[in-house]
Amino acid sequence: MSVEPFIGLSALLFTIGAIGVLVRRNAIVVFMCVELMLNACNLAFVTFARAHGNLDGQIAAFFVMVVAAAEVVVGLAIIVSIFRTRRSASVDDASLLKL
Amino acid sequence: MSEIFGNEAWWVVLLKALCIFVLLVVFTLFNIWFERRVVARMQHRVGPNVWGPFGLLQSLADGVKLALKEEIFPKHAQKVVYFLAPVITTIPAFLAWAVIPLGPEVTIPFTDTQTPLQLTDMPVAVLYILAVTSIGVYGIVLGGWASGSTYALLGGVRSSAQMISYEVAMGLSLVTVFIYAGSMSTSEIVAAQAADGWFALPLLPSFIIYMIAMVGETNRAPFDLPEAEGELVGGFHTEYSSLKFALFFLAEYINMVTVSALATTMFLGGWRAPWGISQIDGANEGYWPVLWFLGKTLLFVFLFIWLRGSLPRMRYDQFMKFGWKVLIPVSLAWIVVVCVMRRLITDGDLDPTMILIIAGVVVAALLVVQFLPQRQTPEEPEPVRDAFAGGYPVPPMPGEQAPPTAAVPTGARGEKED
Amino acid sequence: MAPSPIDAPDIEYATLSPLLIVLGVAVLGVLVEAFVPRAYRFVTQVVLALAGLVAALVATVWVGSDLPEVGGDVVARGGPTGMGALSVDGPAVFTWGMLLVFGVLGVMLFAERRLDGGLSAFTSQASTPPGSGDERRATRLRIEHSEVFPLALFALGGMMFFASANDLLAMFVALEVLSLPLYLMCGLARRRRLLSQEAAMKYFLLGAFSSAFFLYGIAFVYGYAGSFALGDVSTAVSERIGGQNLLLAGMALILVGLLFKVAAVPFHAWTPDVYQGAPTPVTAFMAAGTKAAAFVAMLRIFYVAFDGARWDWTPVIWAVAIVTMLFGAIVSIAQTDVKRMLAYSSIAHAGFVLVGLAGLVTGSGLTSVSAILFYLLAYGVAVIGAFAVVMLVRDAGGETTHLSRWAGLGKESPLVACVFTLFLLSFAGIPLTGGFISKWSVFAAAWEGGAWPLVVVGVVASAIALFFYVRVVVLLFFAPPQGDGPSVVVPSPLTSSVIVVAAAVTIVLGVLPGPVLELVQQVGAFVR
Amino acid sequence: MSFPWLTVLLVVPLLGGAVVAFLPRSRPDLAKWTALGVSLVTLAVSLAVLAQYDLDGSGFQLSEQHPWIETLGVHYAVGVDGIGLTLILMTTILVPIVIIAGWNDADGARWSVRTFFALMLALEGLVIGVFAATDVFLFYVLFEAALVPAYFLIGGYGGARRSYAALKFLMFSLAGGLLMLASVIGMWVISSSQGDPSFLLADMRNLSIGTVEGRWLFLGFFIAFAVKAPMVPLHTWLPDAASAATPGTSVLLVSVLDKLGTFGMIRFCLGLFPEASQWASPVVITLAVISILYGALLAIGQDHMMRLIAFTSVSHFGFIVLGIFALTSQSASGSTFYMFNHGLSTAALFLIAGFLIQRRGSARISDFGGVQKIAPIMAGLFLIAGLASLSLPGLSTFVGEFLVLAGTFTVSTTAAVFATLGIVLAALYILLMYQRTMTGPLRDDNRGITDMVPREIIAIAPVVVLLIGFGLFPQPILDVVNPAVAETLEHVEVDDPEPQTPTFPIAEGSSK
Amino acid sequence: MTEYTPILVLAAISGAFALFSVLIAPLTGPKRYNRAKLDSYECGIEPTPQAAGGGRVPVKYFITAMLFIVFDVEIIFLYPFAVEFDLLGWFGIVEMLLFIATVFVAYIYVWRRGGLEWD
């Protein structure tokens, strides 16, 4: 089974995620886009593992899942705490810090 | 796990898929009737007995009735999601059965094709079941959210919270089974139980935990809080009517059967004939095993109904507390025990079964203790009545006498740290 | 068929003891949170954390004292351990020590409670909305987030792991382990909570974004080399197997992730906001620790794994270094907030370190690695000290970080002003401060590697930056104080000792850098 | 090893400064007296060093050497040759004078008196260190470090725009210093590429530096020094600093600190990059001549007394640089000698002008007039100082300037001629200033001006004495200077040329 | 044709069924408009207006979800361990015990800090 289509798919997902992070304004959505990127990575890992015939990639996918979970926990905690204070999770409303 | 899966003729697959589908639908219809009859008996009633012999066609009639009801799109509903939610809930319910082994290899009648009575199997079958069933949660929470009604929303959130809470316990309880079977493929687990007895005995605590978890997982009494009519009317499907409601209903009953079937496969030796019958040769060949299997499953279904008939509904906090503070630690501890024991046994040091049984009994006892009527944990003492609660004078409630001296406003009164 | 049992891997627990101690103490800290009554929690945590750090430091010294010499083209010390997931070699152990020192200083800053009316710099309850009654109540009850200590230890453990990871996957995990606690800690400021929460959110979103890039890069490199171990990757790279595009894409993405962590232009956007928003102790800890860990990891990846492809990545490093130095220096001129100013200066410093990294001098003598290690040490200590000083200058609303409020500090309290000046001079690289020797060594390494144009740009950049630092010094000493002028709160021995230590180290590194230089030269080679 | 005279020499003022800094703030007089004492002790030590110095000996004498940072090949190495010794003497002589003259300068300043004198002593110590350093790294470090006290001296005490002036001064010097840093790093890289790195002047001299690298590195050093010894176009910081600072500070700036630049040119530009120096000398000579004339012209145009004096020094530094880069032993020793005396004469000018300004409360020449009627002594001393500044024959400055010109003639007539113009202009601005301030009818608002008090006379007298003394008998200093200069130049591999030898590169360079 | 294809078949069948029933419903059922009927049901009282963005649910649910994630991750690691249990030997057990203990520490923390309290 050839690798290209899977890598293409993962690249597509990754790009979608990246663009989403850049253009979307809702923190939650941005965050979901990041998770999408991570999962694109997972797909790439598994595909390459298949291509190389070793399991490293699959193990990597495991670790990535864990990390993603941890990120979810931390990230949602932060976003919720902001949401509780300013009733909106928009990245733009958070503008006390200017460059 | 035989190589045959995934390499069969397309028509065989189609046939088996259709059979499973039909089986599930029929089983559901039967279960509804079964439940109503049994509960009726438990409540000294008769139950449906008009349509068909023993009223067997009652649920079919209900289904038709539902189909003829008007379907409603509430004003505040998110149309698309509201529309799709039942579908999302139903499909996974069916899918879970794809890997449930109903029996050994048989020859399909009128042909000479050999095929196992199982749609397919894979090395991670059980994981697949868990994954698919938890997809159903999406349907519920989305349906609740899309209804645009407060009750439905709360019901959806609640049921999802409760499902995931008990899914953890369920998943943990299965770990020991995998340790014993050395595989996550359903057919191999069944085979393993053929070798060394039903896992229900050596893994009694896991079995008990699983059974509790499965009741919680399917939102059945005494854990049917999402449909707690008293608080939430119908829960997540408050706003659903007609066939959409029917689908939710169907999915719920299929899930009930699914977890029962999984329990059978995991702990009760799957389609293999129970001890006694299994001595008769030929009991485990041909189409007989389907009988054993359905029988065992029906046993669990009866358990469900029995519980519903006999136990009152739990309070939500009790329920969560039970799931998080009892089931999870116990199952973790049990996993540890099993690990160590198993290792000691394979090292061939000490007599296996004794220890396991003892350990099992101990943990089981612990578990049972949880069911005994809880001694009333003293609530934090009634805060001294503050006649100026929130800065406003408050008249004493009935049965509450004002303190002799008018209390002064005390802001920090009765604060306790987090 | 019965597959043969997997034979247990042998892990040199003794060699990893510093890491294990730090993480173990962090877990203990969580238990303390769970069981010790609130009254004693804070103190217990402080004592526990400090004890653990010191123990880890001792262990590090012990590990470092008997690193086996590894021959080869260059004499390196130490070797891979933990199934090759980590490599405890010279740079790794040195970085451990360095990070642990930063950790000790940082924890001492965390524990400072005298500045803000007996309360730490961290919010009472992060869950309460700012300005709400709950918050006031929590403050009145003197509730405190002593969780920051376990968090800091986790972050520290992650940093140590990151600096010594010898395997791309381990590196990613370490990266997250060090980042996640920092994200949280950024949001815990007691004063200006909205600012702090925003900082946390920005840091988190951008950080997660960049680590996703890092991860995708790892995926590509894995696809190219078929393994995560840096050694295998380097052999694959040197043999030029497989499609180069995978390798190039992978390197680029990994570089993005790392450059973000070290706050190099154009991935610096988070730095000023986070530095400003985060509680100052956290900022100090982060500025010193993250940079050190990330740069060592970067060195390891690019010197060990991608050494064979240096012609592909050095141009990028050159460009980034130039842009970073100039940008950091120029923009810092426009700053009016001390913490932002320090943030931009940290960006510029990242550029300087990159200059050293572009030198690629290996072998004996002053290698790029050793130069950078020295730089990181000097910079880290100075920056911790600087932020510690920032903690002291306060008014009714907490710290006053606006520069105009700092005017006339030299008159208000000459001592503090002088110490701060010392740190600024060290940043500027004035002789007889650590900054001078460190800047010196990276530039020397870069020039030796033939990157003299970078050195020239670096000199120009430091001249620009200089202008700003000197302007601040003028402000401190010669400008008339605004209104009643800034007030310097007398801190507890913790903070003051931190400042003293930082100042002392800065001077010693400037005047008698000999021993440290020799040390970094001894440890200045990675084990391949 | 022998007694570490030089170390003592540079430690005494530093320690003294530290002591002064920690004297009780409440008792300024104590600080003043201590500072004076310390500076006098330093002077004594320096004289002892002079006594130790062996005129016939060659190379560095009284040298000490301890490894400082082995890994970088940095040493703490000091030693003096004639040039360094002369300048050290000048420093140690000037500091007590400045202290006496600036006795009350720091009173009523925003900063405490003790700090003022402490900084002065620190500056003295560091400058001595620079003059004595025989290790490039050590030289660089002290060279930069000397800026800090100077910066605070300017910024902490003195006139209205002091903080601006201080910033400008610091930025100019530090920018130059950074370029020098780049060159130093380059030197280190080269030396480490040729065996173990070492910063010792002796070792660095023997490095084989490629032509191109040599020239770049030379540039780095030269620009730094050119900033220090204010050469057009890098001189603009000097007038501001001099006019903003107290007279004493100005003296230390112009007479002492700026000498670091010219000193560095001899010691390092010539010493380390002979080839590059020859290559650059035409350009440098041109620049020198330009700054001679330009400085003089600007000086004529000035109305602010301090600025005027500052510009005169720009012009004088032009002479010094000219002498150095003419690369003849005559001109070079002339320059060294001139450095010494320029220090004295400028000091005298600055201080007396300071007294005037202090009394009158204004620095504008046009505000003065006919002062000599009421303050004859001041007028007289002012005249002598001025004449010294225009290097009247018979005053020591003349000798230096003459030697410079004579040396220059042998290599480039054009340059020499233009330089001579500078002297004429010098006469112009000095005499104009004198005439407009001292002579003429006494203006009423100048009546308040009193004559010099004994303290001030004590301060100025030694300077005048030295000016006249060395004017008549320059030989002793020349004896000290010449061997060192000869050595340096022979390292540059030029022997004093006959005027027209077309083979000589510099001749061509300057004749076009 | 892999072992996953049959699942697709079953999915197709059940999906067809489900979709069919939801699509057929409007045709089979009657249509009688009634404003109150379309309003969201709230035991007959005037329904509370919808909060923006689907309203806000107690943060408790959020905590529960987080805990679920944590333990699910633990399970992710427990399953392969369990399947290969016999091959892993004591080392595997010890490591897994360490892992479980670590997660359990966090669990204890949550418990003690009242993260599991529903009231």
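**Close-up views of a predicted model**

**View 1. Two annotated stretches of chain A, both helical.** In this predicted model, the ends of residues 6–23 of chain A sit 25 Å apart, going by their C-alpha atoms, and the span is 100% helix and 0% strand. Residues 28–48 of chain A also come out as 100% helix and 0% strand, with 30 Å between the end C-alpha atoms. Where does the interest in these stretches come from? An unreviewed UniProt entry carries the annotation "transmembrane region" for residues 6–23, 28–48 and 60–83 of chain A.

**View 2. Chain B from end to end.** Chain B has 12 helices and two strands. Follow the sequence along and you get α-α-α-β-β-α-α-α-α-α-α-α-α-α, so to speak a run of helices with the two strands slotted in after the third helix. Of the 418 residues in chain B, 47% are buried. Take the contacts in chain B with a separation of 6 or more, and 74% of them join residues 24 or more positions apart.

**View 3. The side of chain B that touches chain E.** Here 74 residues from chain B meet 60 residues from chain E. On the chain B side, the elements that give two or more residues are helices H1 (10–42), H3 (79–95), H4 (125–146), H5 (150–181), H9 (242–267) and H11 (316–346). Which of them gives the largest share? That's H11(B), with 14 residues. Sorted by class, this side of chain B has 45 nonpolar, 16 polar and 13 charged residues.

**View 4. Around D:Met120, in the largest nonpolar core.** That core holds 473 residues, and D:Met120 and D:Ile352 are the ones that touch the most other members. Skip the neighbours within four places in sequence, and D:Met120 is in contact with D:Ala35, D:Val95, D:Val98, D:Ile99, D:Leu153 and D:Leu252. A separate core of 131 residues lies apart from it, with B:Ile140, B:Phe178, B:Phe248 and B:Trp271 among its members.

**View 5. Helix H7 of chain C and the glycine after it.** H7(C) takes in residues 193–225. Why does a span of 48 Å make sense for its 33 residues? The sum uses 1.5 Å a residue, applied to one less than the number of residues, and the end C-alpha atoms turn out to be 46 Å apart, which agrees. Is the helix mostly covered or mostly open? Mostly covered, as 31 of the 33 residues in H7(C) are buried. Next along the chain comes C:Gly226, which has a positive phi, near 75°.

How values were computed
Residues are numbered from 1 along each chain as its sequence is written. Chains are lettered from A and ligands numbered from 1 in the order in which they are written. This is a predicted model: local features need pLDDT of at least 70, side-chain atom pairs count only at pLDDT 80 or more; totals for chains, interfaces and linings use all residues. Helices (H or I, at least four residues) and strands (E, at least two) are DSSP runs, numbered from the N terminus. A residue is buried if 20 or more other C-beta atoms lie within 10 Å of its own, exposed if 12 or fewer, and partly exposed in between; C-beta atoms are placed from the backbone. Two residues are in contact if their C-beta atoms, placed from the backbone, lie within 7 Å. A nonpolar core is a set of buried Ala, Val, Leu, Ile, Met, Phe, Trp, Tyr and Cys residues joined through C-beta atoms within 7 Å. Ala, Val, Leu, Ile, Met, Phe, Trp, Tyr, Cys and Pro count as nonpolar, Asp, Glu, Lys and Arg as charged, and the others, Gly among them, as polar. UniProt positions are given in the numbering used here, feature names are shortened, and annotations may be inferred rather than shown by experiment.
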